[in-house]
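Work through the following exercises with the sequence and the model open beside you. Try each task before reading its solution.

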Amino acid sequence: MSETAVNVISFISEKYVYFEYIPACVGTFLNVFHLIILSQKSMRTSSINAVMIGIAICDFLNMVYILYNSTSYFVAAQPECINSASYLKTILGVLVIGLRDICRRLTSWLGVLLATIRLIIVKSTLNPKLNKISKPFFGRNISLICLILSILISAFYFGCFRFKPSEIPWIPADHCSGYPSNYSEVQFQPEFSSVFMLDPETASKIFYITDGASKITSAILLPILTIFLIIELNLARKTISVAQLRNPSNSSKTDNTTKLVIFMTITFVIADGPIGVISLAQGILAEKNMMKPLMTLSMILSILGIFITLNSSIHCIICLVASSPYRETVKSLFCCQKDDSNTVISKT
């Protein structure tokens with residue numbers, strides 16, 4: 001890659017925080033609304049919705065990270081009167097980055113889980129042994145297992161950090177008010193150390209390769225699952241049973257749920273595909289100690305974060321468009337509805 005291209009990528013990655021802030025504000029509001037709807041009793045009826053609650057929580061935390069990161073960047077842009085490298089702020093910064101790493105990975109896994117559960121439910125409608133897969137407790141338990149695994153992977157990298165005092169103290173500028181004369185504070189910087197009896201280099205390599213492999217696996221599985229879901233949806237439309245003729249609304253609800261999962265899965269493919277490829281490349285470059293290309297890929301990865309931001313923001317809209325139970329819950333929660341015995345409400 002040419003030096004000019006690297007400079008352009010570096011410039012965009014530095015200014016990217018300005019473009020991400022407004023979508024993150026909108027996304028935070030939408031995800032709060034989304035969580036309120038999904039947490040209602042009428043929505044907590046299936047494993048699909050249980051997994052979607054997990055995705056919504058990850059989306060919300062991702063938005064919170066972006067707002068925190070943007071605010072920290074704006075403050076650090078003029079650090080004359082604020083010590084942005086204090087012990088508390090340094091630890092908080094690493095913790096927030098680690099939390100986002102866990103949530104990003106977990107969101108991809110839950111997207112795969114969402115499509116897998118729906119595919120199993122559609123294909124095993126007549127198998128009573130698999131009915132438990134559709135229950136809310138199954139979605140909660142499998143989401144918790146994914147969370148624990150994601151935390152363990154992140155621990156290989158973020159567990160290596162130790163916080164060392166810098167030799168250069170922070171001194172407020174002369175125009176800063178509220179500080180006594182000759183005032184200074186200690187600055188801290190994170191550095192790698194051993195973790196789980198592994199040296200920092202080995203631990204970071206394990207993290208990059210494992211994380212990249214998990215992301216690229218998600219990127220491969222998601223389009224495959226999407227294709228299978230579309231095939232099953234078409235088969236379900238062609239197969240008209242006697243029960244469906246007696247109660248066509250059940251068939252419609254099944255189609256709507258499958259469509260919802262398909263739309264959600266497509267957004268994950270678009271958001272996570274490129275990031276998975278780059279994450280895997282980071283692990284390969286780290287193995288070969290190619291630090292300059294590794295830094296370039298890290299900058300590209302931060303730019304591609306806009307897809308994560310947009311993906312985290314539109315799940316609420318997808319549910320509102322594709323899910324009739326979701327719309328009914330919104331109406332019952334936010335709209336004043338008058339009971340009228342002479343009025344027949346048809347669900348769509």
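## Exercise 1: A residue in a loop

At 81% relative accessibility, Asn-182 counts as exposed, where exposed means over 50% relative accessible area, buried under 20% and partly exposed in between (1.4 Å probe, protein chains only). The model is predicted: local features need pLDDT of at least 70, side-chain atom pairs count only at pLDDT 80 or more, and totals for chains, interfaces and linings use all residues. Residues are numbered from 1 along each chain as its sequence is written, and side-chain values use heavy atoms, with hydrogens and water left out.

Task: state where Asn-182 is found and describe its phi angle.

Solution.
- Step 1. Asn-182 sits in the loop between S1 and strand S2 (188-192). Helices (H or I, at least four residues) and strands (E, at least two) are DSSP runs, numbered from the N terminus.
- Step 2. The phi angle of Asn-182 is near 60 degrees, which is a positive value in a residue other than glycine.

## Exercise 2: The overall layout

Task: count the helices and strands of the protein and give their order.

Solution.
- Step 1. The protein has ten helices and two strands.
- Step 2. Read from the N terminus on, the elements run α-α-α-α-β-β-α-α-α-α-α-α.
- Step 3. Of the 348 residues in the protein, 41% are buried.
- Step 4. Take the contacts (heavy atoms within 4.5 Å) between residues at least 6 apart in sequence: 81% of them join residues at least 24 apart.

## Exercise 3: Aromatic pairs

Task: find how many aromatic pairs the structure holds, and describe the pair of Tyr-87 and Phe-163.

Solution.
- Step 1. A pair of aromatic rings is described by the distance of the centres and the angle of the planes. Rings of Phe, Tyr and Trp (its six-membered ring) pair if their centres lie within 6.5 Å; planes under 30 degrees apart count as stacked, over 60 as edge-to-face and the rest as tilted.
- Step 2. The structure holds four such pairs.
- Step 3. For Tyr-87 and Phe-163 the centres are 6.2 Å apart and the planes are at 80 degrees, an edge-to-face pair.
- Step 4. Tyr-87 belongs to helix H3 (residues 87-123) and Phe-163 to strand S1 (residues 161-165), so this pair ties together parts that are 76 residues apart in sequence.
- Step 5. Both rings belong to partly exposed residues: Tyr-87 has 43% relative accessibility and Phe-163 has 24%.
- Step 6. For Trp-170 and Tyr-179, the ring centres are 5.7 Å apart and the planes are at 70 degrees, so this pair is edge-to-face. Trp-170 is buried at 7%, while Tyr-179 is partly exposed at 29%.
- Step 7. Tyr-87 and Phe-163 also join Phe-188 in one aromatic cluster.

## Exercise 4: A salt bridge within a helix

Task: which residues meet in a salt bridge, and where do they lie?

Solution.
- Step 1. A salt bridge is a side-chain nitrogen of Lys or Arg within 4 Å of a carboxyl oxygen of Asp or Glu. By this rule the count is one.
- Step 2. The partners are Arg-105 and Asp-101, with 2.6 Å from N to O.
- Step 3. Both partners lie in helix H3, four residues apart, about one turn of the helix.
- Step 4. Arg-105 is buried at 0% relative accessibility, and Asp-101 is buried at 12%.

## Exercise 5: Two buried residues and their contacts

Task: is Ile-275 buried or exposed, and which residues does it contact beyond four places in sequence? Repeat the work for Thr-226.

Solution.
- Step 1. Ile-275 lies in helix H7 (residues 248-287) and is buried, with a relative accessible area of 4%.
- Step 2. Apart from neighbours within four places in sequence, Ile-275 contacts Lys-215, Leu-301, Leu-304 and Ile-308.
- Step 3. Thr-226 lies in helix H5 (residues 200-238) and is buried at 7%.
- Step 4. With the neighbours within four places again left aside, Thr-226 contacts Ile-262, Thr-265 and Ile-266.

## Exercise 6: Two helices that cross

Task: how do the axes of helix H9 and helix H10 lie to each other?

Solution.
- Step 1. Axes are lines fitted to C-alpha atoms, for helices over the stretch in contact, and angles run from 0 to 180 degrees between N-to-C directions.
- Step 2. The axes of H9 (residues 305-322) and H10 (residues 324-334) come within 6 Å and cross at roughly 100 degrees.
- Step 3. That makes H9 roughly perpendicular to H10. Angles under 35 degrees count as roughly parallel, over 145 as roughly antiparallel, 65 to 115 as roughly perpendicular and the rest as oblique.
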